[in-house]
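Dear colleague,

I am passing on the structure we spoke of, placed directly below, and would be glad if you looked it over alongside these notes.

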Amino acid sequence: MKNTKLYYVLLLLTFFTFSCGDSDSGITDETNNQIPDDYNLLVASDLGEIFQIGNNTGNIKNIGQIKKESSSSILSTSSLIASEDKIYAIEYIYNPTPTNNLLIFDKQKSTTQIVPLTLPSNISGFERHLYALAWNNNDLIGVLAENALEKKSAKHLVTINLQDHSITDLGITFTEDLITSMKKINSKLYLSTWGEGFLIVDLTNNSVTNLNSINGSRLALINDSEMAIMQVVPNILNGAKPEIINLTNLTISDNSKEEHYGLAAVFGNSIYKNEEYLNLVAVPNLNSNLALLKTNFKTNKNTIVKIKSTSVNINLIILDTTN
């Protein structure tokens with residue numbers, strides 16, 4: 001058990017440590033242009049804090065808190081996902097008994113429902129951990145690890161019925177550990193990893209293909225044939241750059257202009273809105289702990305908006321937009 005605990009600690013140190021990637025001087029900083037916000041971003045942290053951020057001003061405001069069973073638990077940012085009226089997350093409590101709670105935050109009422117999940121009995125494992133979520137029509141699809149603290153333990157794809165909260169094993173497994181984000185398009189599920197390839201799951205024939213030339217995080221749907229990703233930049237801690245995955249021929253195009261950024265939290269999805277791919281990044285030369293990166297793939301332009309706070313939790317993930 002000592003080795004699994006060590007692996008868990010190293011995982012946390014690697015992926016919850018703030019790091020700054022260098023960026024090219026060609027980026028544009030719009031922060032001081034005083035452009036009115038077109039909309040606000042809905043974001044949430046690994047502590048369950050909920051904020052809104054102005055897309056042009058960088059103004060940030062705390063608008064809620066997801067209640068947890070344990071005040072010391074940290075939410076997997078790859079499990080944070082939002083609908084029109086709810087925010088969903090998985091709370092994993094491994095001591096004294098492994099517990100997976102589905103947290104359901106009501107946006108209108110600002111209340112949280114805590115639902116202890118009953119995992120499929122046919123999936124064995126000492127510390128089973130449900131740690132990534134994606135939409136599966138009106139329900140959820142998730143990644144369930146048999147042993148959360150062991151490297152290369154079996155991972156199972158499951159569905160969560162949002163009416164009765166029952167979980168169904170889809171009978172699809174793989175062993176990649178560092179699942180960072182996940183999106184479903186029609187009958188295929190796409191999973192990014194941090195250094196372990198790009199998984200394509202065909203839900204009709206239960207096959208799993210690993211495209212090892214693509215690694216990264218922050219998947220965002222552009223259309224049914226294209227997806228945005230923050231592709232890993234080798235040899236830079238949490239370094240990434242914005243690129244496009246062509247889902248038809250499974251190629252990736254580099255639209256970064258050789259600019260790269262540091263991701264404070266590599267786990268979690270992102271969004272694409274108004275022809276812009278949006279990400280929260282670290283840009284040290286702007287003297288800000290956190291900034292909004294807006295990438296326009298058509299103009300091949302990256303724009304930075306500083307977040308107007310130096311004290312906010314940097315492990316934030318963009319979930320959606322608000323008016």
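What follows is a short account of the aromatic pairs, a charge over a ring, and the surroundings of one serine.

Please bear in mind throughout that this is a predicted model.

The structure holds four aromatic pairs, and one of them is formed by tyrosine 88 and tryptophan 135, whose rings meet edge-to-face with 5.8 Å centre to centre and 85° between the planes. Because tyrosine 88 belongs to strand β6 (residues 86-93) and tryptophan 135 to strand β9 (residues 129-136), this pair ties together parts that are 47 residues apart in sequence. Tyrosine 88 is buried, with a relative accessible area of 8%, whereas tryptophan 135 is partly exposed, at 27%. Another of the pairs joins tyrosine 190 and phenylalanine 198, and here the arrangement is stacked, with 6.0 Å centre to centre and 20° between the planes. Tyrosine 190 is buried at a relative accessible area of 6%, and phenylalanine 198 also counts as buried, at 1%.

A further ring is involved with a charge: the charged end of lysine 273 sits over the ring of tyrosine 39, 5.0 Å from the ring centre.

As for the serine, serine 70 is found in the loop between β4 (60-65) and β5 (81-82), and since its relative accessibility is 18%, and buried means under 20%, it counts as buried. Its side chain makes a polar contact of 3.0 Å with the side chain of serine 72, and, when neighbours within four places in sequence are left aside, serine 70 is in contact with Glu91 and Ile93.

With kind regards

Definitions and conventions. Residues are numbered from 1 along each chain as its sequence is written. This is a predicted model: local features need pLDDT of at least 70, side-chain atom pairs count only at pLDDT 80 or more; totals for chains, interfaces and linings use all residues. Side-chain values use heavy atoms; hydrogens and water are left out. Helices (H or I, at least four residues) and strands (E, at least two) are DSSP runs, numbered from the N terminus. Buried means under 20% relative accessible area, exposed over 50%, partly exposed in between (1.4 Å probe, protein chains only). A polar contact is a pair of N or O atoms within 3.5 Å; within protein, one must be able to donate a hydrogen and the other to accept it, and residues adjacent in sequence count only if both atoms are side-chain atoms. Contact means heavy atoms within 4.5 Å. Rings of Phe, Tyr and Trp (its six-membered ring) pair if their centres lie within 6.5 Å; planes under 30 degrees apart count as stacked, over 60 as edge-to-face and the rest as tilted. A charge sits over a ring if NZ of Lys or CZ of Arg is within 6 Å of the ring centre and within 35 degrees of the ring normal.
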